[in-house]
Amino acid sequence: MITLSDVHKAFGANRVLQGVNLTIASGTSMVIIGGSGTGKSVLLKSILGLVRPDSGMITLDGQDVTAKGKSGADRDAFLARFGMLFQGGALFDSLRVWENVAFRLVRGAKAMPKPQARELAIEKLRRVGLKPETADLYPAELSGGMQKRVGLARAIAAEPEIIFFDEPTTGLDPIMAGVINDLIREIVVEMGATAMTITHDMSSVRAIADNVAMLHGGVIRWTGPVSELDATPDPYVQQFIHGRADGPIESVR
Amino acid sequence: MIAGTLGAIGRPALQALAAIGRLGLFAGTVIGHILRPPFYLREFGVALLQIGWFSLPVVGLTAIFTGGALALQIYAGGARFNAEAVVPSIVAIGMARELGPVLGGLMVAARVASSIAAEIGTMKVTEQIDALVTLSTNPLKYLVVPRVVAATLSMPVLVATGDAIGIMGGWLVGITRLDFNSATYLKNTVDFLEAWDVGSGLFKGAAFGFIVALMGCYHGMNSARGAQGVGAATKSAVVSASVLILAANYILTELFFTS
Ligand SMILES: Nc1ncnc2c1ncn2[C@@H]1O[C@H](COP(=O)(O)OP(=O)(O)O)[C@@H](O)[C@H]1O
Ligand SMILES: [Mg+2]
């Protein structure tokens with residue numbers, strides 16, 4: 001279980017998170033929605049420790065993850081439980097596609113032999129809808145949507161128990177988006193993983209989510225099961241899910 | 001008024017001190033990681049190739065022209081007091097002690113500090129550094145240590161090569177443009193060159209290599225966001241590496257050659 005309590009983060013005068021409270025139960029799929037620039041990516045990065053919150057507490061299974069002075073080994077063990085798909089893919093452009101996907105598999109204490117890791121990488125690529133030929137290309141040779149899917153394959157390659165997806169379907173065609181939605185759902189249901197997904201795509205929300213949280217104005221504006229999303233009277237949520245230009249959310253931000 | 005003036009002096013001074021502190025801390029952390037596993041041998045090999053091998057042409061060209069010009073100048077200067085015969089030994093000493101390491105270092109700074117800063121800076125702004133962390137890989141160990149070690153080890157070799165090519169440049173000019181006898185030129189070079197002339201230059205080379213890679217990595221890792229951030233990081237890396245090389249050269253020369 002992941003809990004965030006009263007998490008604040010500002011970049012200079014830009015107060016991005018202003019007291020976020022959120023709980024994600026193990027084995028469930030949480031989807032974060034919210035306008036662009038509201039701090040959704042910052043929220044995920046805070047949990048991983050890539051961004052250090054100014055105040056507040058984040059715990060994983062009851063343990064404070066923001067605590068300072070953790071040894072390298074503790075931090076490795078912590079991070080080994082996570083996989084993350086970055087919004088921009090964040091592929092290593094000096095490495096081939098399969099080396100990106102297998103990055104964690106060929107390193108560390110449980111490193112596997114290269115040929116085996118390559119096989120596994122190709123299998124993961126197939127699951128995100130990429131042909132085996134893609135494996136030997138460099139990331140710069142792929143389209144944006146393909147890079148995104150390679151990033152997804154890398155995030156799930158080591159079968160982590162907690163996976164963060166930052167806009168997994170942005171830039172994909174509707175069919176590929178459907179494939180990815182199904183894959184994320186499958187990972188949660190079959191592998192029992194905990195997932196946190198950021199998306200703007202309402203069909204993704206409905207396909208992936210157990211629970212939904214809306215981030216607005218630096219706080220969680222609304223959270224609840226996806227079944228209650230449509231019925232909630234919250235004007236912010238209503239405006240967002242119906243994509244209306246007028247409502248309480250300003251269109252100039 | 002006085003407070004304003006003091007502030008105008010104090011603020012930049014404090015900022016400079018803070019920058020030196022951050023840099024010192026970064027250097028210390030990097031050195032601390034050098035001997036502790038995991039070691040990334042493949043990254044080290046690539047860095048050796050990029051920093052050492054591919055810098056050979058630049059360093060060689062710099063050295064040959066410098067050696068040649070040096071021979072002409074010393075010949076002309078020496079002629080004023082009938083000391084043209086010192087050309088071979090002064091060219092050799094000048095190349096080995098000063099010009100080999102300093103010019104080699106500056107050329108490598110332009111070539112390597114910039115490319116390291118641009119590469120690591122781009123990785124930073126495209127979240128590749130964050131991605132490394134989430135894949136349980138320490139960016140300092142994976143990106144910085146291989147480059148710093150490769151630069152520190154390959155610079156002395158580059159300097160030695162540059163010394164040899166520079167001396168050859170002087171010899172070429174000596175026997176073609178000035179009327180030196182080839183055998184005498186070489187004999188004079190060898191007779192008056194001491195081991196420490198060369199050794200001190202190699203030592204300087206190692207220090208300059210460390211500075212170049214460290215500056216490239218430091219500014220890349222601290223790059224601001226966007227293309228502009230990477231551009232600024234690259235510029236800062238080259239400027240700071242060059243200035244630090246010249247400053248370190250003075251300090252090392254004081255240490256080595258004054259008693
Ligand atoms: N490293 C950073 N430095 C400065 N500002 C940042 C940084 N990361 C994010 N921000 C700012 O925080 C805000 C939220 O960003 P982000 O979390 O990426 O938004 P989104 O909800 O679209 O994912 C933006 O205004 C962004 O400019
Ligand atoms: Mg984002």
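## Contacts, bridges and a metal site

Student: What does R42(B) count as at 41% relative accessibility?

Tutor: Under 20% relative accessible area a residue is buried, over 50% it is exposed, and in between it is partly exposed (1.4 Å probe, protein chains only). At 41%, R42(B) counts as partly exposed.

Student: What kind of model is this?

Tutor: Residues are numbered from 1 along each chain as its sequence is written, chains are lettered from A and ligands numbered from 1 in the order in which they are written, and side-chain values use heavy atoms, leaving out hydrogens and water. Local features need pLDDT of at least 70, side-chain atom pairs count only at pLDDT 80 or more, and totals for chains, interfaces and linings use all residues; the model is predicted.

Student: Which residue forms a salt bridge with R42(B)?

Tutor: A salt bridge needs a side-chain nitrogen of Lys or Arg within 4 Å of a carboxyl oxygen of Asp or Glu. For R42(B) and E99(A), the closest N and O atoms are 3.0 Å apart. R42(B) lies in helix α2 (residues 41-52) of chain B and E99(A) in helix α3 of chain A, so the pair joins two chains. At 15% relative accessibility, the buried partner is E99(A).

Student: How many salt bridges are there between chain A and chain B?

Tutor: The side chains of E127(B) and K45(A) meet in one, at 2.6 Å, N to O. K45(A), E127(B) and D130(B) are linked in a network of salt bridges. Over all chains, the whole structure holds 17 salt bridges. Between chain A and chain B, the count is three.

Student: How much area do chain A and chain B bury between them?

Tutor: Interface size is often given as the accessible area lost when the parts come together. Buried area here is that loss, with a 1.4 Å probe, summed over both parts. Carbon and sulfur atoms hold 55% of it, and the total is about 1600 Å².

Student: Which three residues supply 28% of the area that chain A buries against chain B?

Tutor: The contact (heavy atoms within 4.5 Å) takes 23 residues from chain A and 16 residues from chain B. No other three residues supply more of chain A's buried area than F92(A), F103(A) and R104(A).

Student: Which protein donors does the magnesium ion (ligand 2) have?

Tutor: Donors are N, O and S atoms within 2.8 Å of the metal (3.2 Å for Na, K and Ca); water is not among the atoms, so sites may look incomplete. The OG of S41(A) and the OE1 of Q87(A) lie 2.0 to 2.1 Å from the ion. S41(A) is in helix α1 (residues 40-48) of chain A and Q87(A) in the loop between β6 (82-85) and α3 (97-101), so the pair ties together parts 46 residues apart in sequence. Buried at 19% is S41(A), and partly exposed at 35% is Q87(A).

Student: Where does D54(A) lie, the partner of K9(A)?

Tutor: The side chains of K9(A) and D54(A) meet in a salt bridge of 3.7 Å, N to O. The two are 45 residues apart, with K9(A) in strand β1 (residues 2-11) of chain A and D54(A) in the loop between α1 and β4 (55-60). K9(A) is buried at 12%, while D54(A) is partly exposed at 47%. The place asked for is the loop between α1 and β4 of chain A.

Student: Is S46(A) buried or exposed?

Tutor: S46(A) lies in helix α1 of chain A. Leaving aside neighbours within four places in sequence, its contacts are L17(A), V51(A), P53(A) and I58(A). Its relative accessibility is 0%, so S46(A) counts as buried.

Student: How many helices does chain B have?

Tutor: Helices (H or I, at least four residues) and strands (E, at least two) are DSSP runs, numbered from the N terminus. Buried residues make up 46% of the 259 residues in chain B. The strand count is zero and the helix count is nine.

Methods: Buried area is the accessible area (1.4 Å probe) that two parts lose on being put together, summed over both.
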